[in-house]
Amino acid sequence: GANLKKSFDHWNLELDGYMSQTEVDFQLMRPLFRTLGVGVDFDFNGNDIAFSNFSKDLTDQGIWGAHQFFAFDRQIEDQSRGISFDMDRDLDGVFTGIKLGAQYSERSMERLEVRSVDNSVRNGGLYPELAIGSLDPALFAVPYVDFNLWSDTAGTFPAPFAVFNRSAVFDALPPPDFTVANDDLLSRYVDNVEETWAVYLRANFESAFAGKPLYGVLGARVINTELTASGYTGVPVPVTDPDTGAVTIEVPGTLAPAREKNDYTEVLPSLNVNLDLSDKWVARAGIARTLARPDFLDLRLAQNLNGGDIDSQPFTGSAGNPTLDPIISDQIDVSLEWYPREGTALTGALYYKSVDGFVVTDVRAVEIGGYAYDLSSPINAEEGEFYGVELSFRHDFDYLPGFLDGLGIWLTATFNETTI
């Protein structure tokens with residue numbers, strides 16, 4: 001980053017720029033081993049499940065074999081850059097100071113997760129050394145770990161339980177195949193670019209009301225944001241069974257490059273006012289419109305689509321939603337503060353917020369490649385309201401002796417109602 005400051009004819013000028021880049025290359029590998037033909041009794045008692053009477057010794061290395069080797073490789077490149085110009089000066093009169101400026105920022109994220117699911121490791125003809133009863137004893141860790149060490153699992157389990165040596169297992173398994181497939185590009189590829197322009201004006205003011213000091217800040221910000229989400233869309237392909245004539249839809253079928261844009265402009269005014277009723281009482285009020293953007297990954301174009309029999313439409317799937325709007329909140333709060341002595345404060349506040357566009361997950365009906373889908377994806381909810389009361393008390397024990405001097409207490413309570 002870089003920062004430049006200059007004072008010129010009562011004006012303070014500041015130019016600030018920054019750029020950051022994060023790169024992630026993360027791999028996860030999860031081998032699964034199985035045993036067959038194990039009988040067990042289950043006893044359900046409230047929230048607990050007790051297992052007993054296992055027909056096999058689960059510490060016996062000879063009953064285990066490879067079942068599946070799941071792995072994924074996730075690569076992320078996340079960049080942010082921006083520049084801002086600000087200028088401010090002091091004024092004479094009711095308005096005691098003014099500040100204005102402009103900002104530009106850009107964030108881009110490219111992310112791809114490639115998954116490898118290898119079920120061939122359970123094929124004893126291909127990998128006889130991984131078949132049930134043929135595992136090398138070096139693959140097992142000694143001593144075994146007690147299953148009851150799982151803190152989030154209720155009930156009783158056989159103890160000890162066979163546990164594998166991670167390094168030895170990975171050496172014995174075939175390497176994962178991270179070749180990029182159509183399904184990876186359709187459901188796990190993200191390429192988002194978000195550009196934001198903003199201008200703002202802020203003024204400090206001081207006056208009087210009923211002979212009491214009145215002061216605060218008045219301002220407004222105009223923000224324009226443009227999102228470009230790139231990726232792929234699946235083109236489901238009908239496949240006819242030559243024997244039965246049944247038609248099924250396979251996905252992703254073929255891929256088609258896709259791009260979706262969304263932009264919005266919002267005006268965000270704000271006013272904060274303080275009134276000194278006395279040297280012990282202060283009244284405050286604020287009114288503002290605020291903006292919060294959806295999570296960046298919720299804006300992805302990626303889709304995870306399911307197929308099936310052509311007569312079972314609508315099919316199901318999940319996806320991001322590049323058309324999400326920002327979350328807009330119109331809010332008002334008023335408070336009364338009492339300072340009976342230094343280090344002690346009692347505050348009561350009322351607040352109201354009208355929130356439009358809160359992001360929730362829902363199912364929306366769409367058409368993809370001529371076929372009906374119900375996609376689970378983030379959407380903007382309808383407008384809702386928050387309102388309530390806040391109470392707080394603070395007291396510093398600055399009168400206590402020795403090391404107790406400086407201790408304090410801060411109590412808060414909030415009573416909230418919402419229609420969301």
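**Figure 1. Pairing of β18 with strand β19 in the predicted model.** β18 and strand β19, which spans residues 407-418, run antiparallel to each other and are joined over 12 bridges. Within this pairing, F393 has L411 of β19 as its bridge partner.

**Figure 2. Pairing of strand β15 with strand β18.** Strand β15 covers residues 344-356, and strand β18 covers residues 384-397. The two strands pair in the antiparallel sense, over 12 bridges. Here L346 stands opposite F393 of β18. F393 therefore has a partner in each of the two views: L346 in this one, and L411 of β19 in the previous one. In a regular strand, the side chains alternate between the two faces of the sheet.

**Figure 3. The surroundings of N262 in strand β9.** N262 belongs to strand β9, which comprises residues 247-276. The relative accessible area of N262 is 13%; N262 is classed as buried because this value is under 20%. Leaving aside residues up to four places away in sequence, N262 touches T225, E226 and L227, as well as P322, T323, L324 and D325.

**Figure 4. N262 and L324.** These two residues are 62 residues apart in sequence, whereas their C-alpha atoms are 8.0 Å apart in space. L324 is one of the residues that N262 touches. A polar atom of the N262 side chain lies 3.0 Å from the backbone oxygen of L324.

Technical notes: Residues are numbered from 1 along each chain as its sequence is written. This is a predicted model: local features need pLDDT of at least 70, side-chain atom pairs count only at pLDDT 80 or more; totals for chains, interfaces and linings use all residues. Side-chain values use heavy atoms; hydrogens and water are left out. Helices (H or I, at least four residues) and strands (E, at least two) are DSSP runs, numbered from the N terminus. Buried means under 20% relative accessible area, exposed over 50%, partly exposed in between (1.4 Å probe, protein chains only). Contact means heavy atoms within 4.5 Å. A polar contact is a pair of N or O atoms within 3.5 Å; within protein, one must be able to donate a hydrogen and the other to accept it, and residues adjacent in sequence count only if both atoms are side-chain atoms. Two strands pair if DSSP finds at least two bridges between them.
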